[in-house]
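Student: Please take a close look at a single part of the structure shown below. I would like one connected account, with the cut-offs behind each term.

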Amino acid sequence: MKKIMLILMLVFVSSLSYAENWTYVGIDNEGTSYYVNSSSIKVNESYGGNSVTNISAEIKLDNKNNSESYIISRVRFYETGWKELESLYVYHRGTGKVIQREDYYDGPKEQMDPNSIDYKISNNLFAQYKERVKKEKEEMKKKANEYKHPKPTFIGEFVAGLFFSIIGFLFYLYKRKNSK
């Protein structure tokens with residue numbers, strides 16, 4: 001009994017080692033459902049020159065009419081409306097084992113059709129990325145403004161008040177002495 005519990009715990013812990021967070025995106029005309037693994041999203045930002053910001057992510061294609069397999073591919077989406085296939089894995093639906101594996105080191109690039117689900121995924125990923133960049137910039141501005149204008153502290157206000165009270169009292173004594 002202890003061995004069975006130990007084996008079950010090992011299986012459970014090993015399943016947690018690679019976090020997958022599949023988000024449903026939509027379905028195409030042929031009945032294939034598309035999912036994006038949010039945990040797999042990687043952004044390569046452009047820094048001038050000819051480079052273009054691109055985002056790569058794992059996409060799961062699952063056609064329920066195909067009872068034998070499903071596909072997980074890594075696709076790189078470019079801001080310019082192009083996509084590049086990086087890898088394609090076909091998994092057996094029952095066992096989850098890889099049936100076919102293709103890795104593309106300089107994968108085929110193709111222009112996306114504005115009506116395609118790939119285009120929808122790309123737009124969604126870039127919209128999320130731009131929103132994240134916008135929030136990061138706002139946070140940095142907020143921190144910069146806080147640095148420029150530090151908030152007064154109780155001790156700072158107390159010291160300033162004590163200083164001006166002493167100056168005021170000395171001024172009062174000086175006026176009183178000169179008025180006699």
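**The strands and a buried arginine**

Tutor: S2 and S3 run antiparallel and are joined by nine bridges. The model is a predicted one, in which local features need pLDDT of at least 70 and side-chain atom pairs count only at pLDDT 80 or more, whereas totals for chains, interfaces and linings use all residues. Residues are numbered from 1 along each chain as its sequence is written, and side-chain values use heavy atoms, with hydrogens and water left out.

Strands are DSSP runs of E with at least two residues, numbered from the N terminus; two of them pair if DSSP finds at least two bridges between them. Within the S2 and S3 pairing, Ser33 stands opposite Asp62 of S3. On its other side of the account, S2 (residues 32-44) pairs with S1 (residues 22-27) in the antiparallel sense over five bridges. One such match sets Gly26 against Tyr34 in S2. Four residues separate S1 from S2 in a hairpin, and Gly31 in the turn has a positive phi of about 90°.

S3 (residues 54-63) is mostly covered, as nine of its 10 residues are buried; buried means under 20% relative accessible area, with exposed over 50% and partly exposed in between, for a 1.4 Å probe and protein chains only. S3 is also joined to S4 (residues 69-78) by eight bridges, again in the antiparallel sense. Leu61 has Ile71 in S4 as its bridge partner, and the S3 and S4 hairpin has five residues between the strands.

S4 holds Arg76. Arg76 has a relative accessible area of 16% and therefore counts as buried. In space, its C-alpha lies 6.7 Å from that of Ala57, although the two are 19 residues apart in sequence. Beyond its neighbours within four places in sequence, Arg76 is in contact with Asn44, Asn54, Ile55, Ser56, Trp82, Lys83, Glu84 and Glu86, where contact means heavy atoms within 4.5 Å.

Two of these residues also meet Arg76 through polar contacts: its side chain reaches the side chain of Asn54 at 2.6 Å and that of Glu86 at 2.4 Å. A polar contact is a pair of N or O atoms within 3.5 Å; within protein, one must be able to donate a hydrogen and the other to accept it, and residues adjacent in sequence count only if both atoms are side-chain atoms.
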